[in-house]
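User: I am new to this structure and would like a close look at the spaces within it and at what surrounds them. Please explain how they are built and where the ligand fits in.

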Amino acid sequence: MWQAPARPVWVGRLNAMASLKLDLTHRPRRLRRTPSLRALVEETVLRPQDFIAPLFVVDGHGAPEPIASMPGIFRYNLDDLVTECRALRDLGVPAVDLFGKIDEQLKDADGTVALREDALVARAVRAVKAAVPELTVITDIALDPYTTHGHDGVLSADGREVDNDRTIASLIEMALLHARAGADMISPSDMMDGRVGALRQALDASGFERVSIMAYSAKYASAFYGPFRDAVGTSSVGKIAGPSDKRTYQLNPANRREALVEVSLDVDEGADIVMVKPAGPYLDIIRDVREMTDKPVAAYQVSGEYAQIHAAAERGWLDLARCRHESLLSIKRAGADMILTYFAKDMAQALRG
Ligand code: PBG
């Protein structure tokens, strides 16, 4: 018959735990014990030269224009752009990626203002290359900051689609313009089919074999681009005539293999660097791409990733410096060789101590 134990069971258990000594062969904590041991086994290290700073440029002589949803990021006039580029160079950041923001009145359906010889970004490239020649200057190739509808290309005659091949004709003009201005690298962010090959051929045919191509290969139709669209004034997508969003050219966030298809096409077409964008929510894609190609892999930590860390930090919910570092470390650990990030300057400063 069952009998109540003389002492409560837990007393015996407690004594056993106090004297417990596991016979463990492996104690991974041994190498986490001190800062110097942790340093010895550290696998990923961020350096200022891992970063590319995206910069927004505007015409005129106004003061830097803050972007509400991107604290610490401004649209610069050409003089201030040059000053910012010098500061980045001094901090060891090797490259900038230039994005133009123009007045609404200058936009048209075809984004022709991007193709003029005196286009804003072309002038920006000249100014930066003249003042800071050792800095790698990359330009964004896409029409969205220049079109009234905010799409990355021109629309078909019925206005219902982004016309792939006609868009590429404009992108070629834009790329040659930037190359003539002295760009070291062009970066098509439009996601049209075949644009990398077409741009490579056009650059080579015009004597710009040295100009490299960083292809936005796996660019997803992401909601994390919101703050950027405020920055370059493309929030019009879907609000006026034209396709309601960018899902007919950017990748479906649900898809993984499709990213690899895009990357292999871009590599075949002559991309020097392939990019995954956004970065933080797509670490699996960065890893996949890293494993499938020996080309350098770039990742773009986009405006929304930047904004969410800032927003939480402003509320006191996250530690800005530590989350910034961890977010970028994770992107590099996933396999990115270089990271486009709005934190480039702050990170370079922090890393230099
Ligand atoms: C468009 C472009 C976008 C970004 C870079 N180039 C947004 C879009 O596709 O609408 C987003 C960058 C960011 O969010 O930081 N050519």
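Analyst: The second largest cavity holds about 30 Å³ of space in what is a predicted model. Its lining is made by Leu98, Phe99, Gly100, Val121, Asp140, Ala142, Pro145 and Tyr146. Strand 4, which covers residues 95-100, is the main contributor, giving three residues to this lining; these are Leu98, Phe99 and Gly100. By class, the lining consists of six nonpolar residues, one polar residue and one charged residue. The charged residue is Asp140.

A search of the whole structure returns two cavities of 30 Å³ or more. The other one, the largest cavity, has a volume of about 90 Å³. Thirteen residues would be a long list to recite, but the lining of 13 residues has Asp144, Lys219, Phe228, Lys246 and Lys277 nearest to the centre of the cavity. Strand 7 (212-219) and helix 7 (226-232) each provide at least two residues of this lining. The classes here are four nonpolar, two polar and seven charged residues. The contrast with the second largest cavity is plain, since the lining there includes one charged residue, whereas the lining of the largest cavity includes seven.

What occupies the largest cavity? The ligand sits there. Around the ligand are 18 residues, and those that come nearest are Arg229, Lys246, Lys277, Ser303 and Tyr342. This shell divides into eight nonpolar, three polar and seven charged residues.

Several residues near the centre of the largest cavity also make polar contacts with the ligand. Asp144 places a polar side-chain atom 2.9 Å from a nitrogen atom of the ligand. Lys219 has a polar side-chain atom 2.9 Å from an oxygen atom of the ligand. For Lys277, the distance from a polar side-chain atom to a ligand nitrogen atom is 3.3 Å. On its own the ligand has 400 Å² of accessible area, and the protein covers 100% of it.

Lys277 deserves a second look. Besides the contact with the ligand, Lys277 is joined to Pro278 by a cis peptide bond, with omega at about -10 degrees. Pro278 lies in the loop that runs between strand 8 (273-277) and helix 9 (283-292). Elsewhere in the chain, Met191 has a positive phi of about 70 degrees although it is not a glycine. Met191 is placed in the loop between strand 6 (185-188) and helix 6 (195-205). Such features merit a remark because most residues other than glycine have a negative phi, and most peptide bonds are trans.

The pockets complete the picture. The second largest pocket contains about 190 Å³ of space. It is lined by 17 residues, and Gly72, Ile73, Glu84, Tyr342 and Lys345 are nearest its centre. The elements that give two or more residues to this lining are strand 1 (51-57), strand 3 (74-76), helix 3 (78-90) and helix 12 (344-352). Strand 1 supplies the largest share, four residues. By class, twelve residues of this lining are nonpolar, two are polar and three are charged. Tyr342 links two parts of this account: it is among the residues nearest the centre of the second largest pocket and also among those that come nearest to the ligand.

The largest pocket has a volume of about 230 Å³. The residues that line it are Arg38, Val41, Glu42, Glu43, Thr44, Val45, Leu46, His325, Leu329, Arg333 and Leu351. Helix 11 (residues 320-334) gives the most to this lining, with three residues; these are His325, Leu329 and Arg333. The lining has five nonpolar, two polar and four charged residues. The ligand, by contrast, is placed in the largest cavity.

Methods: Residues are numbered from 1 along each chain as its sequence is written. This is a predicted model: local features need pLDDT of at least 70, side-chain atom pairs count only at pLDDT 80 or more; totals for chains, interfaces and linings use all residues. Side-chain values use heavy atoms; hydrogens and water are left out. On a 1 Å grid over the protein atoms alone, a cavity is a set of points where a 1.4 Å probe fits but cannot get out, and a pocket is an open set with protein on both sides within 12 Å along at least five of seven lines; lining residues have an atom within 4 Å of a point. Grid points are joined across faces, edges and corners, and a volume is the space filled by probe spheres set on the points. Ala, Val, Leu, Ile, Met, Phe, Trp, Tyr, Cys and Pro count as nonpolar, Asp, Glu, Lys and Arg as charged, and the others, Gly among them, as polar. A residue is near a molecule or strand if one of its heavy atoms lies within 4 Å of it. A polar contact is a pair of N or O atoms within 3.5 Å; within protein, one must be able to donate a hydrogen and the other to accept it, and residues adjacent in sequence count only if both atoms are side-chain atoms. Accessible areas come from the Shrake-Rupley method with a 1.4 Å probe; for residues, only the protein chains shown count as cover. A molecule sits in a cavity or pocket if more than half of its atoms lie within 2 Å of its grid points.
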